[in-house]
Amino acid sequence: MRFPKTSGILKVKAMEVEKHPREIKRVLGVLPQENNLDPDFNVFKNLIVYARYYDVSKKEAEKEALDLLRFVHLEEKKDYSIKKLSGGMKRRLLLARALINDPEILILDEPTTGLDPQARHLIWDKIKSLKHDGVTIVLTTHYMKEDPQLCDKLVIMDFGRIIVEGKPEELIKKYVGIKVLEVDAKLEVLNYVLKKGERFEQFSDRICIFTNEPEKLIDEFTRKFKLEKTVIREASLEDVFLKLTGRGLRN
Amino acid sequence: MKTIKVNFPIPFLEPIFYLLALGFGLGFYIGEINCVSYPAFIAPALICISMMYSAFFECIYGSFVRMYYQKTFDAIVGTPLNVDEVIFGEILWGSTKSVINASIMLLVVSAFKLVKLPDSIFIIPLAFIVGFVFSSIAMCFTAVSPTIDSFNYPIFLFYYFNVSFQRNLFPFIASSQTNSNFIFYFFSFNACILYFKRVNYRIFRVEKHIKLNMACCCWSNINYSFNKLNEEEAYNLKFSIKTMHNFY
């Protein structure tokens, strides 16, 4: 789905996007969603060629490429062909490529989608260290566990419009509460919760009740109904997202 | 701008096969044309074929794969480069490939002693221009094609048409002194323009128009001058053969 611009001006570092695209792209680093590495080159050559597009001299590019390969733990695979890399390695190489011009702003489009947990945690660590070095990071993701760890400011968007913005912890506290009690979706439980007026979300076989005191509720439930599976967990951004955007499928 | 590793030997074989099959094979049955033996008659056309082949197919299939399947263009546009610069780089690569193929073909053809070597060196800079024209036209088709299968349109309506009706392959045209082959080019071009009108335009619209106009203007001039030059070479060879006859 594409949402063309309706109004307004976008400025990056006080430069308008439509008037100074080249200067803006010089300070920008982009990690795209699809792996568009060049299969005609090996790992090292990919970084060098990309650096040449930024007008970095070849010697400097080689030094920078080696440093970056060390940063993403790919220096042994320097001469590998792209086809031999796994998904996690390709994402790391793309991260190295996005950093080749020493950007001030880094845009990451779903950086850890589809990766195994080790690769995911490695990329999170690298992003945190980059944040520590002062790089501004713009991250888009569907993986809600990423946001509280990495984000200082969060924006939830749906159909091209911003729904809420704010710090992750504040959003959770405001919209969902601190803890979530998950119980089986029996009719008696549903009626009881509706009567009591608690905040809740209903799935096909479970009810998630958002409350700050789940232990009291669990005592009540076990006294009144026979419940098989009850879980008490921390509220997460996924609950916030589902609550705000609803459950309908997108298209 | 783009350096790509290519399997060199295989694409060179196509015009060499033409040379052997048509030139020497068919030439056994055909006598002399314009006082030049048949292989020598079609030798300049074969060099022309190798130029057109490399430039056109590189910028059709190669660029389409890079743009659509590998999404390399998207990666490059994230750097401080525009889309037109990427396209220009692709065209330059097509022209370079055409020069390389033409020079190799020239060596092969002169090894068979069909073309006089010192005079025909002039072909190599001209190969760049011819490659540029064909690459530009090919990039227009690449920009507009929705899938990789729709390249059959320009290949059969444009490329093969031009290859078959070259001045030095189609004797009917070679004998006439006027630039009547321009009419044939115009025909094939119209077929392709009809195809354009049926297809949705994409973001490359502006570049496409510029390059189409440029290619049209250069088109008949380049080919006319190029083929004229080839004929002069062939005539040079004819004279050298005549002198050789005088010796014996």
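Q: A crossing is right-handed if the near helix is turned clockwise from the far one by less than a right angle, and left-handed if anticlockwise. In this predicted model, which of the two is the crossing of H4(B) and H6(B)?
A: H4(B) passes H6(B) in a right-handed crossing, so by that rule the near helix is turned clockwise from the far one.

Q: Why are H4(B) and H6(B) called oblique to each other?
A: Look at the angle. Helix H4 (residues 83-111) and helix H6 (residues 123-144) of chain B pack at about 140°, with axes 7 Å apart. Roughly antiparallel needs an angle over 145 degrees, and roughly perpendicular covers 65 to 115. The angle of about 140° fits neither class, so the pair is oblique.

Q: What makes the contact between H4(B) and H6(B)?
A: On H4(B), the residues include Ile87(B), Gly94(B), Ser98(B) and Leu106(B). Among their partners on H6(B) are Ile124(B), Phe128(B), Gly131(B) and Met139(B).

Q: How do you know that H7(A) and H10(A) are oblique as well?
A: Helix H7 (residues 168-175) and helix H10 (residues 237-245) of chain A pack at about 55°, with axes 9 Å apart. Roughly parallel means under 35 degrees, and roughly perpendicular starts at 65, so H7(A) and H10(A) count as oblique. Their crossing is left-handed. Leu171(A) and Tyr175(A) of H7(A) and Val240(A) and Leu244(A) of H10(A) are among the residues in contact.

Q: What makes H2(B) largely enclosed?
A: Let's count. A residue is buried if 20 or more other C-beta atoms lie within 10 Å of its own. Of the 32 residues of H2(B), 26 are buried, so the rest of the structure largely encloses this helix.

Q: How do you know that the length of H2(B) agrees with what is expected?
A: At 1.5 Å a residue, its 32 residues (38-69) should span 46 Å, and the end C-alpha atoms are 44 Å apart, which agrees. H2(B) also has a kink of about 35°, centred on Pro44(B). Just after the helix, Lys71(B) takes a positive phi of about 55°.

Q: Why is Val108(B) called partly exposed?
A: Val108(B), in helix H4 of chain B, has 19 C-beta neighbours inside 10 Å. Buried needs 20 or more, and exposed needs 12 or fewer, so Val108(B) counts as partly exposed. Val108(B) and Pro15(B) are 93 residues apart in sequence, with their C-alpha atoms 9.9 Å apart in space.

Technical notes: Residues numbered from 1 in each chain as written. Chains lettered and ligands numbered in written order. Predicted model: local features only at pLDDT ≥ 70, side-chain atom pairs only at ≥ 80, totals over all residues. Helix = DSSP H or I, 4+ residues; strand = E, 2+ residues; numbered from the N terminus. Expected span 1.5 Å × (residues − 1). Bend = angle between axes of the 7 residues up to and from the residue. Axes fitted to C-alpha atoms, helices over the stretch in contact; angles between N-to-C directions. Contact = placed C-beta atoms within 7 Å.
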